[in-house]
Every structure is written in C-alpha cells, then in structure tokens.
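The following exercises ask you to read a protein chain step by step, from a small turn up to the whole chain. Please try each task with the structure in view before reading its solution.

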Amino acid sequence: MQCIVRRDLPARAAERHVGLPPKPTHGSRCLASENAPAPTPRNRLLAALPRGELAKLWPRLEQLVLDQKHVLMTPDEPIPAVYFPETGWVSMVALLAEGKSAEVGLVGSEGMVGLPLLLGSERSNVEAMVQCRGTMLRLRASSFDAALAETPSLRTLLLRYTLAFHQQITQTAACNGHHALDQRLARWLLMAHDRAGSDEFPLTQEFLAMMLCVHRPGVTVAARLFQQAGLIRYAQGRITIVDRGGLEAAACECYSAVRRGFSHLLGAERG
C-alpha cells in the first residue's frame, strides 16, 4: 500500500457549485430540469449509460468543483453521497492507528467514490480525499437506491467497476511489495497522468514519498533520474509528463495489468 503521513487537513473544504440552476425541492443546485436533455458526461461510467437511463438520472446530479484535500468520505461515518469525478482524482486512504495512513487506490473519471453504498453498507472503512482539484458529479445517498432501481444499467456498470477497482488495489499491494522504487514511481505517475487531464499537474516530492512509502531522498533521486532522462520535468511543486512512452517503458507490468482489467470490464481507455 502507499503510505501517507497525516497532515493537518480541513475536515471539509468548501464546496463550490458551478453554473447550475436551483433544484426546486431542496434549494441546492442540480444539472438539469426533469424535461431537459442530458449532455454527454465526462465521467466514463455515466457516459456509458443508455441515453434514456442517463436522462432519468441527470436531474439528480449536482456538479461541484472540489479543491485538493477535500474529504468526501470519513471512516466509520455515514456516507453522505456518491461522487462521479469528471476531472482530477481522489485518493482512497486507509487510516492507521499510529497517525499514519496508506493510499490504497485512485479514482478518477473512470469511476465512482462511494462503493460501500452499492454493496449494502452505509459506512466506509477508508477515507476518500481529493488529491487533484477537479469537477465531480454528486448524487446524494438518499437518492442513490432509487437511482439504481430506475437505471438498471447503472448497477451493472458499478458492479463491474467494483471488480476493476479491486484489481487496482490488489495489484498495487503486490507492486509495492515486490518492485523497485523507480518502477513504482513510473506506475504512480502514469496513473496520476491518466486522471489529471493535462500533462502538467501539482505534485510535490514530499507527497510522492508519502504515496510510495519511502523516505523523500529516495524519491528525489528517482525523480532526478527521470528528469535527466527527459521523461518528466519537475519545478516548484509541479510535474510535467514529457515522455509518456518512456514512463510506460520504465514502469513494471502492474500499470498495464490494471489498465487491461479496466478495459476488459468497462471498455475504459485507462485505469
């Protein structure tokens, strides 16, 4: 697993709704009225729904811009909503008793945060925290069961996504236990690049060390080698992917294995 030293994090960063009309019954903001057509979502799970089922679900979704370190789920607390990321990504984090924590998976536009609700639990044993600022579609827990009943294809897609996400978690555990730091670093950078929506994204060496469960000097050396090889560019807390093909060659088989699993189960381009 990928370890993170806990920092002082805000319990809930401020949410910002973006350009949405007010929802008549609850006073919050939704994406469309009941009669308005649904556009093609940027979340790949929602985009895979039949148009008729998406049209039923769309008015219940709220679009939010969420900043880095915003907590979406807290261990052992009721899950308030599920989230379908459109941009950015979310780290799934297991909290450890001694104050450290471990990243166990990443969720971006290929997936959904809040799988315990799908599997019959109202609580999660991990924290879900935004690691790269982005736009997400929120469906409140109170509406989730009804949405599953009204959109049968959604349940099927989410169950298949659950299998793909489980493969990501198990492959990550095997990777961190057996592969070299430079291979693990390449794999993690590729996963982040898949979800960032840009060749450049914020990422500090301190954060990378936390993700990979190593001391910062080790990450510094590996990142410097990648930069000297022309694979990445690093400056002032931002990473630019310069040669993606080179990173793929430097990564172990774990990245490709997870990607193939997502493609097999969901037809997703990247996992």
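**Exercise 1.** How many residues lie between S11 and S12 in their hairpin, and which residue in the turn has a positive phi?

*Solution.* The model to be examined here is a predicted one. Begin with the two strands themselves, S11 covering residues 232-235 and S12 covering residues 238-241, which pair in the antiparallel sense over four bridges. Next, follow the pairing residue by residue: Arg 233 stands opposite Thr 240, and Tyr 234 stands opposite Ile 239. Finally, look at the connection, where two residues lie between the strands of the hairpin, and where Gln 236 has a positive phi of about 55 degrees.

**Exercise 2.** Determine in what order the strands of the sheet that contains this hairpin are arranged, and find which strands stand at its edges.

*Solution.* The sheet is open and consists of three strands in the order S10-S12-S11, with antiparallel pairing. Because S10 (200-202) and S11 each have a single partner strand, they stand at the edges, and one side of each is left without a neighbour in the sheet. Neighbouring strands of this sheet are turned by 20 degrees against each other on average, if direction is ignored. As a last step, add helix H6 (residues 181-196), which lies across S10, S11 and S12 and runs at about 105 degrees to S10.

**Exercise 3.** Explain why the buried residues of H4 are on the same side of the helix, and find what covers them.

*Solution.* First list the buried residues of H4 (residues 141-150), counting a residue as buried when its relative accessible area is under 20%: they are Ser 143, Phe 144, Ala 147 and Leu 148. These residues are on the same side of H4 because they cover an arc of only 140 degrees around the axis. The general rule behind this step is that an α-helix has 3.6 residues a turn, so residues three or four places apart point the same way. On the other side of H4, Ser 142, Asp 145 and Ala 149 are exposed. The cover over the buried residues includes helices H2 (51-57), H3 (115-118) and H5 (152-178), together with strands S5 (81-85) and S9 (134-140).

**Exercise 4.** Compare the span of H5 with the expected one, and then describe the chain as a whole.

*Solution.* H5 has 27 residues and reaches 40 Å from its first C-alpha to its last, which is close to the expected 39 Å. Its buried residues include Leu 154, Tyr 161 and Phe 165. Turning to the whole chain, one finds ten helices and twelve strands, while 52% of the 271 residues are buried.

Definitions and conventions
Residues numbered from 1 in each chain as written. Predicted model: local features only at pLDDT ≥ 70, side-chain atom pairs only at ≥ 80, totals over all residues. Heavy atoms only, no water. Buried < 20%, exposed > 50% of the residue type's maximum accessible area, 1.4 Å probe, protein only. Arc of directions from axis to C-beta. Contact = heavy atoms within 4.5 Å. Expected span 1.5 Å × (residues − 1). Pairing = 2+ DSSP bridges. Axes fitted to C-alpha atoms, helices over the stretch in contact; angles between N-to-C directions.
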